[in-house]
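The following exercises concern the fold shown below. Please attempt each task before reading its solution.

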Amino acid sequence: MIITDDHMHIYKHLKLKAIEEFKKAGGTHVFLVNLLTKNYNIFPKKGEDFKEMYEKHLKIVKQANEIVKAYAVLGVHPAEITILGEKIGYKKAAEIMIDALDIAGKYVEENKAVAIKSGRPHYSVSEEVWKLSNEVMFHAFKVAKDVGCAVQLHTESYSKEGIEEIAKLAKKAGLKLYKVVKHFSPPKVDEFEEIGIFPSVIAMGNNVLRAATISSRFTIETDYIDDPNRPGAVLGPKTVPKKVKELLKMGFDEDFVLKICKYNIEKVYGVEI
Ligand SMILES: [Zn+2]
């Protein structure tokens, strides 16, 4: 059986052991996303400085690939605007983030990564920072359109209006809406279907089951962050396999699982499983 976790990190707690655990529980495919530059002790002064993080991340993904099939997602966490902006000014921070997204796009062109990461802050920010963040995210959509890849988004908490606004920006950039993945989605898969953005449902509580009773148009993730200060957060690496097995027990068949873990993934990311 194919079991895919759509969004996980490897950082400094279990490291590759997390991938081993995922595999042992039944996991077969995983999308590994880089964290923030500060997590790699990098303090970028220009977009080019993100390369060091990308390279470090790709090295981990390569190692993970010896355990399961692991795909790299490279990009810029939206909180970088606050971290960088406080030091060098928000406008300059946005410029650096835009350059770093261009570089992430190049890695996708070289087939070293399958998607890029962007978004906008999940915490409240000034109007200026919000506007700049939207510009950065819009740029990510343009990069994704140009290189033909998906974008994983880290955004504010779900609201239908928020997702509609994001969809409008993606459309303006010419990017197909199913190539825009809202990471950490609630199980409101019907609303996502209506709008067009693709939900990666966070496998908390009954989310997966609730999503499955509505539609098969979603993927599943743990957002495991592998941080020793928050062990097991957001969800442990075994969670997606566990939730998939629960679905089978609840009467969903293997074709249903195949849709979520293989066909949806293939469609969104353009990979072949
Ligand atoms: Zn994450």
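**Exercise 1. Strand β7**

Which residues of β7 are buried on one side, and which on the other?

Solution. Some conventions come first. The model is a predicted one, in which local features require pLDDT of at least 70 and side-chain atom pairs count only at pLDDT 80 or more, whereas totals for chains, interfaces and linings use all residues. Residues are numbered from 1 along each chain as its sequence is written.

Step 1. Strands (E, at least two residues) and helices (H or I, at least four) are DSSP runs, numbered from the N terminus. A residue is buried if 20 or more other C-beta atoms lie within 10 Å of its own, exposed if 12 or fewer, and partly exposed in between, with C-beta atoms placed from the backbone.

Step 2. On one side of β7, Phe 198, Ser 200 and Ile 202 are buried; on the other, Pro 199 and Val 201 are buried, and both faces are thus covered.

Step 3. Strand β7 (residues 198-202) is largely enclosed by the rest of the structure, because 5 of its 5 residues are buried.

**Exercise 2. The neighbours of β7**

Identify the strands joined to β7 by bridges, with an opposite residue for each.

Solution. Step 1. Two strands pair if DSSP finds at least two bridges between them. Strand β6 (residues 180-185) pairs with β7 in the parallel sense over 3 bridges, and Val 181 stands opposite Phe 198 of β7.

Step 2. Strands β7 and β8 also run parallel, joined by 3 bridges; here Ile 202 stands opposite Glu 221 in β8.

Step 3. A crossover is right-handed if, with the strands pointing away from the viewer, the path from the first strand over the helix to the second runs clockwise. A right-handed β-α-β unit is made by β6, helix α7 (residues 189-195) and β7, and another right-handed unit of this kind by β7, α8 and β8.

**Exercise 3. Strand β2 and the sheet**

Describe the surroundings of β2, then place the strand in its sheet.

Solution. Step 1. In β2 (residues 29-33), 5 of the 5 residues are buried. His 29, Phe 31 and Val 33 lie on one side, with Val 30 and Leu 32 on the other.

Step 2. Strands β1 and β2 pair in parallel over 3 bridges, and Asp 5 has Val 30 in β2 as its bridge partner. Between β2 and β3, which run parallel, there are 5 bridges; the bridge partner of Phe 31 in β3 is Tyr 71. From β2 the chain crosses through helix α2 (residues 50-64) to β3 in a right-handed β-α-β crossover.

Step 3. The open sheet has 8 strands in the order β1-β2-β3-β4-β5-β6-β7-β8, with parallel pairing. Its edge strands, β1 and β8, each pair on one side only.

**Exercise 4. Helix α9**

Which residues of helix α9 are buried?

Solution. Step 1. In α9 (residues 239-249), the buried residues are Thr 239, Val 240, Pro 241, Lys 243 and Val 244.

Step 2. Contact between two residues requires that their C-beta atoms, placed from the backbone, lie within 7 Å. The cover over the buried residues of α9 includes β1 (4-8), α1 (16-24), α8 (207-214), β8 (219-221) and α10 (254-269).

Step 3. Just after α9, Gly 251 has a positive phi of about 105 degrees.
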